[in-house]
Amino acid sequence: MSTGPTNSTSNGFENSLRPEEEQNKIDEMRKLIGPLSGKLALYCSDVSISRYLAARSWNVKKAAKMLKATLKWRLDYKPEEIRWDDVASEAETGKIYRSNYKDKHGRPVLVMRPRCQNTKSVKGQIKYLVYCMENAVVNLPEDQEQMVWLIDFHGFNLSNISVKVTKETAHVLQDHYPERLGIAILYDAPKIFEPFWKVAKPFLDPKTVSKVKFVYSDDPNSKKMMEELFDMSLMESAFGGDDKAEFDVNKYAERMREDDKKLSSLWKKDDNSTSSAQPTVTAETSLEPTNSDSESDVLDEKAEKPSLDVDEEESPIEETLPGIDSTNENADKLKQFN
């Protein structure tokens with residue numbers, strides 16, 4: 001945790017605002033976004049809006065623009081509808097999976113192994129990444145908003161990764177899952193990774209870069225950090241832990257299908273519990289930046305370097321959404337999406 005006036009919230013991300021100041025900014029954001037209904041209304045909880053504000057240093061206009069882009073993306077991409085069988089071919093080597101342990105802060109751990117890359121499809125790789133992120137979010141404890149990435153570089157070579165996939169990965173994670181990363185541990189990264197890291201860093205927000213930690217198995221300080229973060233009796237042996245079990249795609253598939261059923265039943269329950277009328281995002285809600293937004297962006301760009309935006313195109317939301325009322329009594333069951 002940083003010192004000084006900046007404080008870490010109970011959900012993990014930091015802010016320097018008093019509670020009433022934060023609520024005022026959330027209320028301002030809601031006015032800029034406009035009325036929402038259905039899944040998008042559920043997504044835009046106060047905690048979710050706070051994450052976007054934190055990602056844009058509590059600049060309301062920038063955060064609103066970022067959130068509008070995510071709402072458009074969620075309408076088009078429908079990440080909550082991706083299921084295990086849609087991505088199983090990408091998952092079979094264990095290149096990304098949610099571990100069966102958490103860190104000492106209760107954060108889910110996503111294990112990543114670049115050497116296990118098994119496809120060349122950028123679309124397929126990103127779809128599987130999104131599935132893993134949505135699954136990790138669903139499994140967040142009530143008091144946490146962030147997760148841990150644990151990247152195993154054993155057996156790594158530069159053919160395992162590409163700049164194109166890295167760029168798109170950075171876009172999706174930073175723009176649509178802001179403030180979800182608690183810490184990223186790069187475990188035993190070899191010297192040959194250094195040139196790629198220099199290329200990749202410009203794609204990343206400085207706040208994201210600050211969360212990346214290089215850890216080495218032969219370094220006492222690294223060992224101490226791992227022991228402070230994890231129960232090493234549960235940790236895989238590849239990361240210095242006691243668990244010698246290897247990734248089993250069949251067992252993992254069973255876990256994921258159970259999560260899929262849980263997720264499906266929650267959405268279906270909410271769909272059935274509302275009126276048969278299909279609510280829509282109102283016509284007042286637009287993803288197009290207003291003149292004041294555009295003018296503000298021009299002034300902001302003169303003052304600071306802009307963060308990565310791979311896809312800046314925005315358009316009004318006009319699609320009909322599933323019938324989920326944001327005031328529904330079951331909405332709290334879906335709060336982990338927020």
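1. Helices here are DSSP runs of H or I of at least four residues, numbered from the N terminus. With that settled, a good place to start is Val 47, which sits in helix H3, spanning residues 46-55. Please keep in mind throughout that this is a predicted model. Val 47 has a relative accessible area of 30%, so it counts as partly exposed. Its C-alpha atom is 9.0 Å from that of Ile 26, and the two residues are 21 positions apart along the chain.

2. On to the overall picture. The protein chain carries 12 helices and 7 strands. It has 338 residues, of which 49% are buried. Among contacts with a separation of 6 or more, 81% join residues 24 or more positions apart. The chain exposes about 17,000 Å², with carbon and sulfur atoms supplying 51% of that area.

3. Helix H5 covers residues 84-91, and its buried residues are Trp 84, Val 87, Glu 90 and Ala 91. Looking down the axis of H5, these buried residues fall within an arc of 110 degrees, so they line one face of the helix.

4. Helix H10 (residues 220-229) can be read in a similar way. Ser 222, Met 226 and Leu 229 are buried in this helix. They span an arc of only 65 degrees around the axis, and therefore lie on the same side of H10. The other side of H10 holds the exposed residues Pro 220, Asn 221, Lys 223, Lys 224 and Glu 228. What lies over the buried residues of H10? The cover includes E5, strand E6 (181-187) and strand E7 (212-215).

5. Strand E3 (residues 96-102) contains Ile 96. Is Ile 96 buried or exposed? Its relative accessibility is 13%, and because buried means under 20%, Ile 96 counts as buried. Leaving aside residues up to four places away in sequence, Ile 96 touches Val 111, Met 112, Tyr 128, Leu 129 and Cys 132. For one of these, Leu 129, the C-alpha to C-alpha distance to Ile 96 is 7.7 Å, with the two positions 33 residues apart in sequence numbering.

6. Now the charged side chains. The count of salt bridges comes to 21. One of them joins the side chains of Arg 115 and Asp 152, at 3.2 Å from N to O. This pair links distant parts of the chain, 37 residues apart: Arg 115 belongs to the loop between strand E4 (108-112) and helix H6 (122-138), and Asp 152 belongs to strand E5 (residues 147-152). The partners also sit in unlike surroundings, as Arg 115 is partly exposed at 35% relative accessibility, whereas Asp 152 is buried at 1%.

7. A salt bridge also brings together the side chains of Glu 194 and Lys 191, at 3.5 Å from N to O. Here Glu 194 is partly exposed, with a relative accessible area of 40%. Lys 191 is exposed, with 67%.

8. The pair Glu 80 and Arg 74 deserves a look in the viewer. Their side chains meet in a salt bridge of 3.8 Å, N to O. Both Glu 80 and Arg 74 are buried. They also take part in a network of salt bridges that links Lys 39, Arg 74, Glu 80, Glu 81 and Glu 134.

9. Finally, the internal space. How many cavities of 30 Å³ or more does a search of the whole structure find? The search finds 2. The largest cavity has a volume of about 90 Å³. Its lining consists of Pro 79, Glu 80, Ile 82, Arg 83, Tyr 131, Glu 134, Asn 135, Val 138, Asp 259, Asp 260 and Leu 263. H6 and helix H11 (249-272) are the elements that give two or more residues to this lining. The largest share, 4 residues, comes from H6.

10. One link between the last two points may be handy when you inspect the model. Glu 80 and Glu 134 are members of the salt-bridge network, and Glu 80 and Glu 134 are also among the residues lining the largest cavity.

Terms used: Residues numbered from 1 in each chain as written. Predicted model: local features only at pLDDT ≥ 70, side-chain atom pairs only at ≥ 80, totals over all residues. Heavy atoms only, no water. Buried < 20%, exposed > 50% of the residue type's maximum accessible area, 1.4 Å probe, protein only. Contact = heavy atoms within 4.5 Å. Areas by Shrake-Rupley, 256 points an atom, 1.4 Å probe, with all protein chains shown as cover. Arc of directions from axis to C-beta. Salt bridge = Lys/Arg side-chain N within 4 Å of Asp/Glu carboxyl O. 1 Å grid on protein atoms, 1.4 Å probe; cavity = no way out; pocket = protein on both sides within 12 Å on 5 of 7 lines; lining within 4 Å. Points joined across faces, edges and corners; volume = space filled by probe spheres on them.
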